[in-house]
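Visitor: I am new to protein structures and would love a tour. Could you show me one and explain the words you use along the way?

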Amino acid sequence: MMFVVRRLLLTIPILLLVSILTFSLIHMIPGDPARVILGQEATPEAYQALRTELGLDKPIVVQYFSWLGKVVTGDLGMSITDRIPVSELIKQRLPATVELTIGTFLVAILIAFPAGILAATRRGTWIDYTSTFTALGGMSIPSFWLAMMMIIYFAVENQWLPSSGYVSFFENPTQNLMAMVLPCVATGLRESAVLMRMLRSSLLDVVNMDFIRTAKAKGLNEARTILGHALRNAMVPVVTTSGLMIAGLLGGLVITESIFSIPGFGRLIVESVFKRDYVTVQGAILVSAVLVVIVNLAVDILYAVIDPRIKSGKGAGE
């Protein structure tokens, strides 16, 4: 419990730093942000009204603490172009991205774990070479190209799955799952290659350790030795990679969302940038950064569950 409390306390300064960087975003725009948003043709009245709305007529320290006070209560400001609360916009877009991230990660795990374990336990055989070659191919193929090929084959030529038409899971579960198959598989195949390579490498390090040889000497079969002893000790680098992968997916699925017409979080940020809706961009980036901090916190806690030595501060290698 103390380990979790320490990690939670460590996130406070990180979140404060994130808030400062996010708040500074609007002030990093060359020139006056209100003038950039409205353009040079705006009337002085409109210009002054926007400066007042954004709070730019106040000292910057006052602006920051005023903004931070609102953020703590969930008020991320009003979208300049859509004229609705930014928190509402994020609430509308985030579930699709979270669902896509979870689906992508599940596809990656379902492929990476069997392939990685087989490659490590059959090192030097055709299974190992085939898995390694496939993983390298998967890492080399761009996700957008694979997505286009899958749309042509599965949606256009055979009409087995829809190429677009996202519907919330709570509105129509069947249609939702049908629409998410292609984007999850198209993105998950590449991610599975990364996870498979990491798991294979980590398992090869562990299977040569003394405690694995001892387990085999006691008569444990290969499946129990790998699944019961080696896999858990090989999971720390895999969990690290998984955490980075999930954090990257939460903010980096804009290409997949665009190809499959999914109204997700990444598209919201890109659309807001093009519309110069900096209040929405500011709020979306803050939420994205907080999600990354939460994922990293979850990974830290998972480390302690996998290897209790990390919880005591001794480290995995001691």
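**A tour in questions**

Guide: Welcome! This is a predicted model, and we can start at its surface. Ile141, Phe144, Trp145, Met148, Met149, Ile152 and Ile255 form a nonpolar patch there, and together they have about 640 Å² of accessible area.

Visitor: Which helix gives the most to the nonpolar patch?

Guide: That is helix H7, residues 143-157, which contributes 5 residues. Tryptophan 145 has its place in helix H7.

Visitor: Why is tryptophan 145 called partly exposed?

Guide: Its relative accessibility is 44%. Buried means under 20% and exposed means over 50%, with partly exposed in between. The 44% of tryptophan 145 falls in that middle range, so it counts as partly exposed.

Visitor: What makes helix H1 roughly antiparallel to helix H14?

Guide: Two packed helices are described by the angle between their axes and the distance between the axes. Helix H1 (residues 2-25) and helix H14 (residues 278-306) pack at an angle of about 160°, and their axes are 10 Å apart. Angles over 145 degrees count as roughly antiparallel, so with about 160° the pair H1 and H14 earns that name. In addition, H1 passes H14 in a right-handed crossing.

Visitor: What is notable about the phi of arginine 83?

Guide: Most residues other than glycine have a negative phi. Arginine 83 is not a glycine, yet its phi is positive, at about 55°. You can find arginine 83 in the loop between helix H4 (60-72) and helix H5 (86-121).

Visitor: And how do you know whether arginine 83 is buried, exposed or partly exposed?

Guide: We set its value against the cut-offs again. Arginine 83 has 44% relative accessibility, and partly exposed lies between under 20% and over 50%, so arginine 83 counts as partly exposed.

Visitor: Where does glutamine 159 lie, and what is its phi?

Guide: Glutamine 159 sits in the loop between H7 and helix H8 (173-207). Its phi is positive, about 55°, although glutamine 159 is not a glycine.

Visitor: Why is glutamine 159 called exposed?

Guide: Its relative accessible area is 64%. Exposed means over 50%, so glutamine 159 is exposed.

Visitor: How many helices and strands does the protein chain have, and how much of it is buried?

Guide: The protein chain comes to 15 helices and 0 strands. Of its 318 residues, 41% count as buried. Along the principal axes, the C-alpha atoms fill a box of roughly 85 × 55 × 35 Å.

Conventions. Residues are numbered from 1 along each chain as its sequence is written. This is a predicted model: local features need pLDDT of at least 70, side-chain atom pairs count only at pLDDT 80 or more; totals for chains, interfaces and linings use all residues. Side-chain values use heavy atoms; hydrogens and water are left out. Patches are made of residues with over 30% relative accessible area and no salt bridge: like charges are joined within 9 Å, nonpolar side chains (Val, Leu, Ile, Met, Phe, Trp, Tyr) within 5 Å. Accessible areas come from the Shrake-Rupley method with a 1.4 Å probe; for residues, only the protein chains shown count as cover. A salt bridge is a side-chain nitrogen of Lys or Arg within 4 Å of a carboxyl oxygen of Asp or Glu. Helices (H or I, at least four residues) and strands (E, at least two) are DSSP runs, numbered from the N terminus. Buried means under 20% relative accessible area, exposed over 50%, partly exposed in between (1.4 Å probe, protein chains only). Axes are lines fitted to C-alpha atoms, for helices over the stretch in contact, and angles run from 0 to 180 degrees between N-to-C directions. Angles under 35 degrees count as roughly parallel, over 145 as roughly antiparallel, 65 to 115 as roughly perpendicular and the rest as oblique. A crossing is left-handed if the near helix is turned anticlockwise from the far one by less than a right angle, and right-handed if clockwise.
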